[in-house]
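The following exercises concern one protein chain and are to be worked with its sequence and coordinates at hand. Each task is followed by a solution in steps.

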Amino acid sequence: MLEDKIIILDSLADTREMGLNELAHRLVDTGAVKETFPDAILSREVEFPTGLQTENLGVAIPHTDAKYVNKNQMAVLRFANPVEFLQMGDGQPIRVNILFMLALKEPHAQLEMLQKLVALIQDEEIAKRLLNNKTPSQIVETLN
């Protein structure tokens, strides 16, 4: 579900839209999602922000309806410089370091994956490793 080819490190995207588009199109390129996925991700982010500020870093976990997904996949994008997203729940602006984009075929799987991911990123050691990993394969290893 997590592969080197869908991990982008130190993206120069400087807006949330640019980062979301870059990562969503990577998923399209791999065939994991439909051509309509990027627009669906952008629309959903406006309506339901996915930013999450943890003690150690800011993340966003964008996802959208299963109808846009061909196969289960999680893509990762780490920004070269933090980018402003809105926090889920209260809509407050936060600085995001890493995007974890979920493409899941089963709607019920999203909540379970979100819970696992949130638990992982709240671990200070894992958060540091995610910020400092040098290669996509190190990111895969850290998340596994």
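Accessible areas are obtained by the Shrake-Rupley method with a 1.4 Å probe. On that basis, the accessible surface of the chain comes to about 7,200 Å², and carbon and sulfur atoms hold 49% of it. The model is a predicted one.

**Exercise 1. Overall architecture**

Determine the order of the secondary-structure elements and judge whether the chain is as compact as a globular protein of its length.

Solution.
- Step 1. Assignment of secondary structure gives five helices and five strands.
- Step 2. From the N terminus onward, these elements follow the pattern β-α-α-β-β-β-β-α-α-α.
- Step 3. The radius of gyration is 14 Å, close to the 15 Å given by the globule rule for 144 residues; the chain is therefore as compact as a globular protein of that length.
- Step 4. The C-alpha trace spans about 35 × 35 × 30 Å along its principal axes.
- Step 5. Of the 144 residues, 49% count as buried.
- Step 6. Among contacts with a separation of 6 or more, 68% join residues 24 or more positions apart.

**Exercise 2. The nonpolar cores**

Identify the residues with the most contacts inside the largest nonpolar core, and the elements that each supply at least two of its residues.

Solution.
- Step 1. The largest core has 27 residues, and those with the most contacts inside it are L27, V33, F37, F79, F85, L99 and M101.
- Step 2. Helix 1 (16–30), helix 2 (37–47), strand 4 and strand 5 each contribute at least two residues to this core.
- Step 3. For L27, with neighbours within four places in sequence left aside, the contacts are I6, A32, V33, F37, Q73, A75, M101 and A103.
- Step 4. A second core, separate from the one above, has 24 residues, including L2, I98, M113 and L117.

**Exercise 3. The buried residues of helix 4**

Establish which residues of helix 4 are buried, how they are arranged about its axis, and what covers them.

Solution.
- Step 1. Helix 4 covers residues 124–132, and its buried residues are I126, A127 and L130.
- Step 2. Viewed down the helix axis, these residues fall within an arc of 100 degrees, so they line one face of helix 4.
- Step 3. An α-helix has 3.6 residues a turn, so residues three or four places apart point the same way.
- Step 4. The cover over the buried residues of helix 4 includes strand 4 (73–86), strand 5 (93–103), helix 3 (107–121) and helix 5 (136–143).
- Step 5. At the N-terminal end, D123 caps helix 4, with a side-chain oxygen 2.9 Å from the backbone nitrogen of E125.

**Exercise 4. Helix 2 and L42**

Decide whether L42 is buried or exposed, and state which residues it touches beyond four places in sequence.

Solution.
- Step 1. L42 belongs to helix 2, where F37, P38, A40, I41, L42 and E45 are buried.
- Step 2. The relative accessibility of L42 is 19%; the cut-off for a buried residue is under 20%. L42 therefore counts as buried.
- Step 3. Apart from residues up to four places away, L42 touches E17, L20 and N21.
- Step 4. L42 and L20 are 22 residues apart along the chain, and their C-alpha atoms are separated by 6.9 Å.
- Step 5. The cover over the buried residues of helix 2 includes helix 1, strand 2, strand 4 and strand 5.

**Exercise 5. T54 in its loop**

Locate T54, decide whether it is buried or exposed, and find the backbone oxygen that its side chain reaches.

Solution.
- Step 1. T54 is in the loop between strand 2 (51–53) and strand 3 (58–60).
- Step 2. With a relative accessible area of 8%, T54 is buried.
- Step 3. Its side chain reaches the backbone oxygen of L57 at 2.8 Å.
- Step 4. Not counting residues up to four places away in sequence, T54 touches I121 and Q122.

**Exercise 6. D10 and D14**

Describe the backbone phi of D10, and classify D10 and D14 by accessibility.

Solution.
- Step 1. Most residues other than glycine have a negative phi.
- Step 2. D10, although not a glycine, has a positive phi of about 55 degrees.
- Step 3. D10 lies in strand 1 (residues 7–11) and is partly exposed, with a relative accessible area of 41%.
- Step 4. D14 is placed in the loop between strand 1 and helix 1; at 57% relative accessibility, D14 counts as exposed.
- Step 5. D14 and F79 are 65 residues apart in sequence, with a C-alpha to C-alpha distance of 8.1 Å.

Methods
Residues are numbered from 1 along each chain as its sequence is written. This is a predicted model: local features need pLDDT of at least 70, side-chain atom pairs count only at pLDDT 80 or more; totals for chains, interfaces and linings use all residues. Side-chain values use heavy atoms; hydrogens and water are left out. Buried means under 20% relative accessible area, exposed over 50%, partly exposed in between (1.4 Å probe, protein chains only). Helices (H or I, at least four residues) and strands (E, at least two) are DSSP runs, numbered from the N terminus. The arc is that of the directions from the helix axis to the C-beta atoms. Contact means heavy atoms within 4.5 Å. A polar contact is a pair of N or O atoms within 3.5 Å; within protein, one must be able to donate a hydrogen and the other to accept it, and residues adjacent in sequence count only if both atoms are side-chain atoms. The radius of gyration is taken over C-alpha atoms; the globule rule is 2.2 Å times the number of residues to the power 0.38. A nonpolar core is a set of buried Ala, Val, Leu, Ile, Met, Phe, Trp, Tyr and Cys residues joined through side-chain atoms within 4.5 Å.
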